[in-house]
Amino acid sequence: MGFLDGLWRSNESAFDSGNAATNAIELTKRHGQVSLTKQGAATGHLRINLSWRMRTSDFGGSQRESLLRHPFKALKPPEVIGHSQSMVNVDLDLGCLYELQDGTKGVVQPLGGFLGDVNEPPYVKLSGDDRFGSGSGETMYVNLDHRENIKRLLVFAYIYDQTPAFDRTHAMVTLYPSNGPRIEIGLDERHPQARSCAVVMLENVKDEIIVRREVKFVYGFQAELDRLYGWGLQWGRGFKTKAGR
């Protein structure tokens with residue numbers, strides 16, 4: 001990745017943050033797109049990762065401070081907190097609406113087991129479903145060696161069957177091209193009731209692969225994202241199998 005550092009340094013002023021030292025591009029409202037083709041990164045497997053963690057201020061901050069001031073409180077039995085906002089368990093899922101040049105449309109997502117294929121249409125594959133916010137998060141692969149077959153891909157995140165809590169997570173979608181700097185899109189806007197978010201669009205524009213920040217929160221699920229972007233798919237209610245710990 002280091003051999004593109006010179007190219008990256010020449011483009012530093014085009015982005016709000018990110019530089020050769022961190023080898024990252026941050027897409028923001030002000031500078032919301034980048035060309036993988038112009039970066040020399042429109043080939044090979046593009047890795048897309050969703051990671052998240054709960055905000056540390058949501059867990060026990062006030063309790064620890066209270067114990068420092070009143071150490072004898074540690075001898076009291078703990079209070080049982082039911083359905084507290086601070087105890088929300090968030091299960092974020094990564095998905096992708098795809099449209100190919102031949103008109104084929106569909107979705108890649110954990111729900112329903114639509115995991116895709118990286119070497120056959122839609123040339124998008126989800127590696128698995130992280131239900132507990134582990135360090136690795138969820139990862140999707142796009143085979144850009146078949147970019148001529150891809151028209152557009154909308155990468156999205158949604159909260160499966162849990163309390164809406166986008167505003168209580170540190171969520172980040174990161175794109176790792178085969179060459180050059182990674183691309184970061186933070187989901188840091190406060191939409192406490194949103195259940196889904198259109199994160200980033202990859203679009204083939206005259207044989208140029210453009211990555212464009214979206215970060216549009218909606219209060220419904222995939223069907224609402226579909227309507228927003230005019231995909232035209234038919235949606236039904238889906239469920240996950242229970243996960244073992």
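In the predicted model, Arg-152 is located in strand E9, which spans residues 150-159. Arg-152 is classed as buried because its relative accessibility is 13%, below the 20% limit that defines this class. The surrounding strand is likewise mostly covered, with nine of the ten residues of E9 buried.

The side chain of Arg-152 takes part in several interactions. A polar contact of 2.6 Å links it to the side chain of Glu-99, and the side chain of Arg-152 also reaches the backbone oxygen of Tyr-229 at 3.2 Å. In addition, the charged end of Arg-152 sits over the ring of Trp-231, at 3.7 Å from the ring centre. When residues up to four places away in sequence are not counted, Arg-152 touches Leu-97, Tyr-98, Glu-99, Met-201, Leu-202, Glu-203, Tyr-229, Gly-230 and Trp-231. A further arrangement of a charge over a ring involves Arg-47, whose charged end sits over the ring of Tyr-176, 4.0 Å from its centre.

The pairing of E9 with other strands was examined next. Strands of a sheet pair through backbone hydrogen bonds, in either a parallel or an antiparallel manner. Strand E4 (residues 92-100) is joined to E9 by nine bridges, and the two run antiparallel. Within this pairing, Leu-97 stands opposite Leu-154 of E9. E9 also pairs with strand E12 (residues 196-205), in the antiparallel sense and over seven bridges. Here Phe-156 has Ala-198 of E12 as its bridge partner.

Phe-156 also contributes to an aromatic pair, of which the structure holds one. Its partner is Tyr-158; the two rings lie 5.9 Å apart from centre to centre, and their planes make an angle of 35 degrees, so the pair is classed as tilted rather than stacked, a class that requires planes under 30 degrees apart. Both Phe-156 and Tyr-158 are buried.

These pairings belong to an open sheet of six strands, arranged in the order E2-E13-E12-E9-E4-E5 with antiparallel pairing. Strands E2 (33-35) and E5 (105-108) stand at the edges; each has a single partner strand, and therefore one side of each is left without a neighbour in the sheet. From one strand to the next, the twist averages 20 degrees. At the E2 edge, three bridges join E2 to strand E13 (residues 208-218), and these strands run antiparallel. One of the residue pairings between them places Ser-35 with Ile-210 of E13 as its bridge partner.

Conventions. Residues numbered from 1 in each chain as written. Predicted model: local features only at pLDDT ≥ 70, side-chain atom pairs only at ≥ 80, totals over all residues. Heavy atoms only, no water. Pairing = 2+ DSSP bridges. Helix = DSSP H or I, 4+ residues; strand = E, 2+ residues; numbered from the N terminus. Axes fitted to C-alpha atoms, helices over the stretch in contact; angles between N-to-C directions. Buried < 20%, exposed > 50% of the residue type's maximum accessible area, 1.4 Å probe, protein only. Polar contact = N/O pair within 3.5 Å; in protein donor to acceptor, adjacent residues only side chain to side chain. Contact = heavy atoms within 4.5 Å. Phe/Tyr/Trp six-rings, centres within 6.5 Å; stacked < 30°, edge-to-face > 60°. Lys NZ or Arg CZ within 6 Å of the ring centre and 35° of its normal.
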